[in-house]
Amino acid sequence: MIKKMKVFSLGLGLIGFALMAPQLVGAKAQGPCVDCHTMHNSQDGVAIVAAGPQGALVNRSGGCVGCHTGANSGGNIPYVFSTTATYGTNTLAGGNFRWVVAGDDTTGHNVVGLNSADLVLGETPPGWNPAFNANTELNGGGATWAVQLTCAGTNGCHGIHDDGGSVDDFTAISGSHHADDSAIDGSTAAKSFRFLYGIIGYEDSDWEYTNSATDHNQYYGYDRTNDTPPAALSEGAKSINYLCAECHGDFHSGAADDKGADTDNTAGSAWLRHPTDYDMNNLPGTEYSNYGTDGTYLPLVPVATNRTAALAAPVSDVNATAGDAIVNCISCHRAHGSPYADLLRWDYDTCEAGSDDPACGCFSCHTTKDAG
Ligand code: HEC
Ligand code: HEC
Ligand code: HEC
Ligand code: HEC
Ligand code: HEC
């Protein structure tokens with residue numbers, strides 16, 4: 001027992017923890033309490049966590065990142081930061097903070113505990129629109145942010161954002177790691193897709209460490225027909241795109257200018273911002289009908305479904321059923337980070353029209369813009 005504690009006091013979460021042997025059935029914490037908690041932050045009169053006691057009595061420093069740091073090898077904890085991560089090999093669906101921590105601010109979200117605020121963007125998210133508060137309110141609804149982005153809470157992505165006041169990381173997701181999350185309905189943080197409060201979806205069991213057309217997260221989207229921000233508890237507020245819109249609303253539908261003078265997305269006018277929450281099955285007989293090559297799901301360029309029935313298992317043929325080919329923020333971006341500017345899934349700088357480049361995901365949907 002004492003030896004175990006010593007391992008943790010030295011580990012500080014900067015290396016993966018060996019005691020987490022793969023034994024997980026469903027995403028619920030397993031193993032001895034002592035692996036993860038310290039009751040008094042003291043053993044033999046010495047602090048377990050030198051930085052002082054932590055939220056929820058967890059036994060390492062660094063907040064959420066304290067446990068979620070390490071090299072993924074298919075085990076039962078998702079690691080989101082490693083100084084040795086290799087993109088697409090041992091990174092997960094959300095990507096990795098490696099590159100932003102290494103100093104390139106454009107390659108990831110600058111999150112407290114990992115690095116300092118983005119030198120160019122500062123603290124306020126680009127496209128911030130406080131009207132996207134259907135899943136509790138971020139940043140107290142204020143017009144600008146005076147604090148840096150956190151993992152969870154009032155100024156973070158995971159968990160609830162507000163309970164009438166402000167909430168910290170551990171309060172925001174309290175109880176989620178021990179909860180039964182076999183039914184994802186968005187009703188609590190634990191029962192939301194990846195503890196993203198209010199958002200639904202199908203959770204791949206290894207966070208896409210392995211992935212294929214039949215082995216992936218199934219994201220939820222909706223097929224919007226106008227530029228009105230979705231209302232609380234509406235299907236639109238459960239979309240993975242709504243998660244991004246909670247901080248970047250104007251890039252979703254908040255500026256009410258997505259489609260020309262005409263806010264009806266079904267009409268023929270040109271887009272003013274790239275569509276999201278829009279089903280490519282609305283465009284039969286166009287280049288989008290050949291998503292990928294024949295409609296087979298590509299984990300690198302994911303599309304969402306608006307059919308809750310399809311959330312029981314991954315969809316593999318996205319053009320077979322209306323609602324299964326919904327464009328996402330994360331069709332192009334990785335939520336945590338990537339090696340590329342704007343946390344994009346591929347290198348946009350080398351995407352060239354009129355050339356064949358299988359690494360450029362734009363061609364996966366814009367199938368006629370290559371050499372053809
Ligand atoms: C003491 C270690 C520890 C700490 C601290 C910790 N986690 Fe976890 N986390 C785990 C383990 C183990 C799992 C996998 C089992 C599970 O899902 O509960 C996990 C899983 C997750 C998942 C995936 C859930 C899913 O549905 O697949 C998310 C998201 C997550 N943690 C977020 C957080 C956030 C946010 C914080 C900080 C508030 C945090 N974690 C702090 C150990 C930790
Ligand atoms: C809780 C708020 C929050 C949420 C949710 C959020 N972001 Fe951000 N995002 C920010 C902040 C703050 C910045 C500016 C500072 C930074 O780069 O970290 C930012 C910056 C960005 C950038 C520019 C990065 C750069 O440095 O150039 C991209 C791209 C981005 N976000 C995409 C997304 C996507 C995609 C999602 C959904 C998966 C998302 N964001 C969800 C807060 C958020
Ligand atoms: C694999 C890591 C892990 C193990 C093992 C673990 N916990 Fe936790 N526990 C966490 C994390 C992470 C949190 C904080 C985040 C949260 O609440 O989801 C937490 C939070 C809690 C909380 C506060 C939230 C709530 O559910 O009320 C209690 C109480 C708790 N744990 C008790 C226990 C007990 C008792 C054991 C052993 C029987 C145990 N834990 C074992 C990771 C673990
Ligand atoms: C078709 C691919 C694609 C989709 C879909 C997409 N983005 Fe982007 N995003 C980009 C590219 C490329 C850039 C680089 C800047 C540019 O070209 O405008 C970018 C830049 C950004 C930035 C940084 C802006 C800045 O000022 O630095 C943010 C934030 C962002 N996207 C958020 C989102 C959100 C939120 C969504 C969904 C509502 C989304 N993106 C959907 C491709 C996409
Ligand atoms: C997941 C599929 C998907 C991906 C990936 C994607 N697009 Fe799109 N894009 C669409 C759809 C669907 C439309 C809307 C077409 C329509 O309404 O006729 C669109 C619209 C556009 C438009 C405006 C067309 C118009 O009619 O107004 C441009 C320009 C564009 N995309 C460029 C890009 C670039 C550059 C990339 C790579 C960074 C990219 N797209 C990636 C699906 C995608």
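The iron atom of ligand 3 has two protein donors, His 37 (NE2) and His 178 (NE2). They lie 1.9 to 2.0 Å from the iron. The two histidines come from distant parts of the chain, 141 residues apart. His 37 sits in the loop between helix H2 (33-36) and helix H3 (98-101). His 178 sits in the loop between helix H4 (169-172) and strand E3 (201-202). This is a predicted model.

The iron site is octahedral, with six donor atoms. The angles among these donors run from 88 to 179°. For six octahedral donors, the ideal angles are 90 or 180 degrees.

The two histidines can also be described by accessibility. His 37 has 22% relative accessibility, so it counts as partly exposed. His 178 reaches 52% and therefore counts as exposed; the cut-off for exposed is over 50%.

Now to ligand 1. Its surroundings comprise 22 residues. Those that come nearest are Cys 64, Cys 67, His 68, His 177 and Arg 194. By class, the shell has 13 nonpolar, four polar and five charged residues. Both domain 1 (1-98) and domain 2 (123-198) contribute at least three residues each to this shell.

Polar contacts of ligand 1 include these:

| Ligand 1 atom | Protein partner | Distance |
|---|---|---|
| oxygen atom | Ala 29, polar backbone atom | 3.4 Å |
| nitrogen atom | His 177, side-chain N or O atom | 2.8 Å |
| oxygen atom | Arg 194, side-chain N or O atom | 2.7 Å |

His 177 and Arg 194 thus appear twice for ligand 1: among the residues that come nearest, and as side-chain partners in polar contacts.

Notes:
Residues are numbered from 1 along each chain as its sequence is written. Chains are lettered from A and ligands numbered from 1 in the order in which they are written. This is a predicted model: local features need pLDDT of at least 70, side-chain atom pairs count only at pLDDT 80 or more; totals for chains, interfaces and linings use all residues. Side-chain values use heavy atoms; hydrogens and water are left out. Donors are N, O and S atoms within 2.8 Å of the metal (3.2 Å for Na, K and Ca); water is not among the atoms, so sites may look incomplete. Four donors count as tetrahedral if all angles lie between 85 and 135 degrees; four count as square planar and six as octahedral if opposite donors are over 155 degrees apart and all others between 65 and 115; anything else is irregular. Helices (H or I, at least four residues) and strands (E, at least two) are DSSP runs, numbered from the N terminus. Buried means under 20% relative accessible area, exposed over 50%, partly exposed in between (1.4 Å probe, protein chains only). A residue is near a molecule or strand if one of its heavy atoms lies within 4 Å of it. A polar contact is a pair of N or O atoms within 3.5 Å; within protein, one must be able to donate a hydrogen and the other to accept it, and residues adjacent in sequence count only if both atoms are side-chain atoms. Ala, Val, Leu, Ile, Met, Phe, Trp, Tyr, Cys and Pro count as nonpolar, Asp, Glu, Lys and Arg as charged, and the others, Gly among them, as polar. Domain bounds come from an automatic or database domain assignment.
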